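Visitor: I would like to go through this chain with you, beginning with its overall make-up and then turning to its interior. Could you take me through the reasoning at each step?

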Amino acid sequence: MRSFVLARAHAWKQGLRAGADYDDELLFAICLLHDVGLSEEGNGDQRFEVDGADVAAAFLREHGVDEARVAVAWDAIALHTSDGIAWRKGTLVALAQAGIATDILGADRESLPVGLADEVHALLPRLDLASALSDAILAQATAKPQKASPLSFPGELLRRHLPYGAYPSWYDLLAQAGWGDKPVGLTARRRAETPQQVGALFMEYLEAGDVEGLVSLYEPSAHFVSSRRPEPIWWDRTPSARPCGRW
């Protein structure tokens, strides 16, 4: 419901009129059903957006919606997490994605009419929606990893909740391709030029499993020391002796 109200607000901002420039009833149905793939009935073997699109399409057909409108709804639900694609698929698909993105991520919230968000949240409390949604996606993906392709939004979420290296990254997929491609150009190993670049490069090499890249960030003479505090060394442990030792 919130996504629908926010989608209509984005439409208003763009000068689009309900009933004239877009199908208001279908936008409502899309927004209401867009996460049905996370329900027990909608939990199939595809990523949740596609499962949801299939369930929503079947529901609309059962209620006599014509195939042209069903096709638009399928696209909108299947693509609602796909930035850069949904807005190219027509007005209704773009509006649905915009409303959903604002509701979950706060995208373009600054363009909303003043006070609208407060009014909507007063009538329709969030109840920690974003975290609950993430938990639902993660629960499905953990039980059925095929629902979380490594290059998908569910796959990215799943990777962050598994031990490092348990789920392949983009670079892991390249390494497993079997063609022997090596890093070149912008992806070739490089050294940090400023202190600010060290952290970003460290995470990049860590994500890629590039041990040599990690080592390259340090001076050649650097020594790696465990952060674990060692036990003290006592030269004389007799009760009468004065402790003389060091950490």
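Guide: A residue is called buried here when its relative accessible area is under 20%, and exposed when that area is over 50%. Please keep in mind that this is a predicted model.

Visitor: With that cut-off, what percentage of the residues in the chain is buried?
Guide: The chain has 247 residues, and its accessible surface comes to about 16400 Å², of which 58% belongs to carbon and sulfur atoms. Taking the cut-off of under 20% relative accessible area, the buried share of the residues is 31%.

Visitor: How many helices and how many strands are there in the chain?
Guide: Read along the sequence, the pattern is α-α-α-α-α-α-α-α-α-α-α-β-β, with the helices written before the strands. Counted by type, the chain therefore has, under the DSSP assignment of runs, eleven helices and two strands.

Visitor: Which element gives the largest share of the largest nonpolar core?
Guide: In soluble globular proteins, nonpolar side chains tend to be buried together. The largest such core in this chain has 26 residues, and Tyr-22, Leu-26, Leu-27, Ile-30, Leu-60, Ile-77 and Leu-92 are those with the most contacts inside it. Two or more residues each come from helix H1 (2-13), helix H2 (24-33), helix H3 (48-62), helix H4 (67-78) and helix H5 (91-105). The largest share, six residues, comes from H2.

Visitor: Leaving aside neighbours within four places in sequence, which residues is Tyr-22 in contact with?
Guide: Tyr-22 is among the residues with the most contacts inside the core. Once neighbours within four places in sequence are set aside, its contacts are Arg-8, Ala-11, Leu-16, Arg-17, Leu-27, Thr-91, Leu-92 and Leu-95.

Visitor: Which element gives the largest share of the lining of the second largest pocket?
Guide: This pocket holds about 350 Å³ of space and is lined by 16 residues, with Thr-81, Ile-104, Leu-105, Leu-133 and Phe-153 lying nearest its centre. By class, the lining has nine nonpolar, five polar and two charged residues. Two or more of the lining residues come from each of H5, helix H7 (129-143) and helix H8 (153-159). The largest share, five residues, comes from H5.

Visitor: Is Gln-140 buried or exposed?
Guide: Gln-140 is found in helix H7, and, leaving aside its neighbours within four places in sequence, it is in contact with Gly-37, Leu-38, Ser-39, Asn-43, Phe-48 and Lys-147. Because its relative accessibility is 8%, Gln-140 counts as buried.

Note on methods: Residues numbered from 1 in each chain as written. Predicted model: local features only at pLDDT ≥ 70, side-chain atom pairs only at ≥ 80, totals over all residues. Heavy atoms only, no water. Helix = DSSP H or I, 4+ residues; strand = E, 2+ residues; numbered from the N terminus. Buried < 20%, exposed > 50% of the residue type's maximum accessible area, 1.4 Å probe, protein only. Areas by Shrake-Rupley, 256 points an atom, 1.4 Å probe, with all protein chains shown as cover. Core = buried A, V, L, I, M, F, W, Y, C linked by side-chain atoms within 4.5 Å. Contact = heavy atoms within 4.5 Å. 1 Å grid on protein atoms, 1.4 Å probe; cavity = no way out; pocket = protein on both sides within 12 Å on 5 of 7 lines; lining within 4 Å. Points joined across faces, edges and corners; volume = space filled by probe spheres on them. Nonpolar A, V, L, I, M, F, W, Y, C, P; charged D, E, K, R; others polar.
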